[in-house]
Amino acid sequence: NAAAVGNITRTAASTLTGATGVALTTAAGSIGATGAGNAINLAANQIGVTATTQGGAVWLTDTGALTLGAIATNGGVLDVQTTGAGTLTAGGTITTGVGTVNLSSKDALAVNNITSGAGVTLLANQDGLGTEGFSQTDATTVQGTTVGVTVNLPGTLAGAGGGAVLSNLTATTGAVTVDVRNAGNAAAVGNITRTAASTLTG
C-alpha cells in the first residue's frame with residue numbers, strides 16, 4: 001500500500017556500496033533523515049543510485065563522486081549533498097511533486113531533467129576551490145516554483161571559481177537566479193553560458 005509506513009534509516013557507521021547501483025524504495029516512509037549524520041551515506045564514486053517514495057523525503061550524502069539515477073518522491077523533499085572531491089551527477093530524471101529539491105556538490109554538479117512543484121536549489125563548487133562548476137545537459141529542463149543556481153563561495157579566490165552552463169530553467173511562480181560569484185573575489189573566474197537549446201523563464 002502506498003500509505004504503508006516504514007523508513008529507511010542508518011546507524012552511526014553506515015555506508016552503502018553497490019557494484020552496479022543502489023536502489024532505495026519506501027511507500028510513505030522516508031529515506032534517511034535531516035540533521036548531521038542522518039542522511040543515507042553512499043560509498044565514494046557510487047553509481048546508479050535510485051530512490052522512490054510515495055511522499056517520503058529523501059536525504060543522501062557521499063564523501064566523493066556520486067551518480068544518481070531516477071528519483072521520484074511524489075511530494076517528499078529531496079536533499080543530496082556531497083562532502084568531498086568529485087562530481088555530483090544527477091543523470092536520471094528527478095521528480096518530487098510538491099517537494100523541494102536541494103543538490104549540493106563540493107565540486108562540479110551536472111544535471112538533466114528536474115521537475116518540482118516547490119523550490120529547486122542547485123549548488124556547485126561548494127568548497128570554493130578550483131574551477132568546477134554547474135552544467136546542464138542540452139535540451140533538458142529544470143522546473144520549480146523558483147530555481148536557483150549558485151556556484152562558488154564567498155571565500156573563492158582570484159583566478160579560481162567555476163561557471164554555469166545552462167539549458168532550460170523555468171520558475172513557475174518566482175524567479176530564476178544564477179550566481180557564479182556568490183560574494184567571491186572580484187577576480188574570480190567563471191562564466192554563465194548556454195547549451196544549444198536554452199531558455200530561462202522566471
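Buried residues account for 48% of the 202 residues in the protein chain of this predicted model. The accessible surface of the chain comes to about 8300 Å². Carbon and sulfur atoms contribute 55% of that surface. The chain contains 20 strands and zero helices. Its radius of gyration is 16 Å, close to the 17 Å that the globule rule gives for 202 residues, so the chain is as compact as a globular protein of that length. Along the principal axes, the C-alpha atoms fill a box of roughly 50 × 35 × 30 Å. Contacts between residues at least 6 apart in sequence were also examined. Of these, 50% join residues at least 24 apart.

Seven of the strands form an open sheet with parallel pairing. The strand order is 2-4-6-9-12-15-18. Strand 2 (40-42) and strand 18 (176-179) are the edge strands, and each pairs on one side only. From one strand to the next, the twist averages 10 degrees. Strands of a sheet pair through backbone hydrogen bonds, either parallel or antiparallel.

The pairings can be followed from the edge at strand 2. Three bridges join strand 2 to strand 4, and the two run parallel. Here Asn41 stands opposite Thr61 of strand 4. Five bridges then join strand 4 to strand 6, again in the parallel sense. Leu60 has Val80 of strand 6 as its bridge partner. Strand 6 (residues 78-82) is joined to strand 9 by four bridges, and these strands also run parallel. Gln81 stands opposite Ser104 in strand 9. Strand 9 (residues 101-104) pairs in turn with strand 12 (residues 120-124), in the parallel sense and over four bridges. Two of the facing positions are Val101 opposite Val120 and Ser104 opposite Leu123. Ser104 thus has Gln81 opposite it in one pairing and Leu123 opposite it in the other.

Strand 4 is mostly covered, with five of its five residues buried. Val58, Leu60 and Asp62 point one way from the strand. Trp59 and Thr61 point the other way. Strand 9 is arranged in a similar manner: Val101 and Leu103 point one way, Asn102 and Ser104 the other, and all are buried.

Thr61 was examined in more detail. This residue is found in strand 4 (residues 58-62). Its relative accessible area is 14%, which is under the 20% cut-off, so Thr61 counts as buried. A polar atom of the Thr61 side chain lies 2.9 Å from the backbone oxygen of Gln81. Beyond residues up to four places away in sequence, Thr61 touches Ala39, Ile40, Asn41, Leu42, Gln81 and Thr83. Among these, Asn41 is the residue opposite Thr61 in the strand pairing.

Two loop residues are also buried. Asn112 lies in the loop between strand 10 (109-111) and strand 11 (114-115). The relative accessible area of Asn112 is 17%, so this residue is buried. Its side chain reaches the backbone oxygen of Gly91 at 2.7 Å. The Asn112 side chain also makes a polar contact with the side chain of Thr137, at 2.3 Å. With neighbours within four places in sequence left aside, Asn112 is in contact with Ala90, Gly91, Gly92, Gln136, Thr137, Thr140, Thr141 and Val142. Gly91 and Thr137, the partners in the polar contacts, are included in that set.

Gly163 lies in the loop between strand 15 (147-151) and strand 16 (164-166). At 17% relative accessibility, Gly163 counts as buried, because the value is under 20%. Leaving aside its neighbours within four places in sequence, Gly163 is in contact with Gly133, Phe134, Val151, Val180, Gly190 and Asn191. Val151 belongs to strand 15, at one end of the loop that holds Gly163. Gly163 and Ala43 are 120 residues apart along the chain. Their C-alpha atoms are separated by 27 Å.

Methods:
Residues are numbered from 1 along each chain as its sequence is written. This is a predicted model: local features need pLDDT of at least 70, side-chain atom pairs count only at pLDDT 80 or more; totals for chains, interfaces and linings use all residues. Side-chain values use heavy atoms; hydrogens and water are left out. Two strands pair if DSSP finds at least two bridges between them. Axes are lines fitted to C-alpha atoms, for helices over the stretch in contact, and angles run from 0 to 180 degrees between N-to-C directions. Buried means under 20% relative accessible area, exposed over 50%, partly exposed in between (1.4 Å probe, protein chains only). A polar contact is a pair of N or O atoms within 3.5 Å; within protein, one must be able to donate a hydrogen and the other to accept it, and residues adjacent in sequence count only if both atoms are side-chain atoms. Contact means heavy atoms within 4.5 Å. The radius of gyration is taken over C-alpha atoms; the globule rule is 2.2 Å times the number of residues to the power 0.38. Accessible areas come from the Shrake-Rupley method with a 1.4 Å probe; for residues, only the protein chains shown count as cover.
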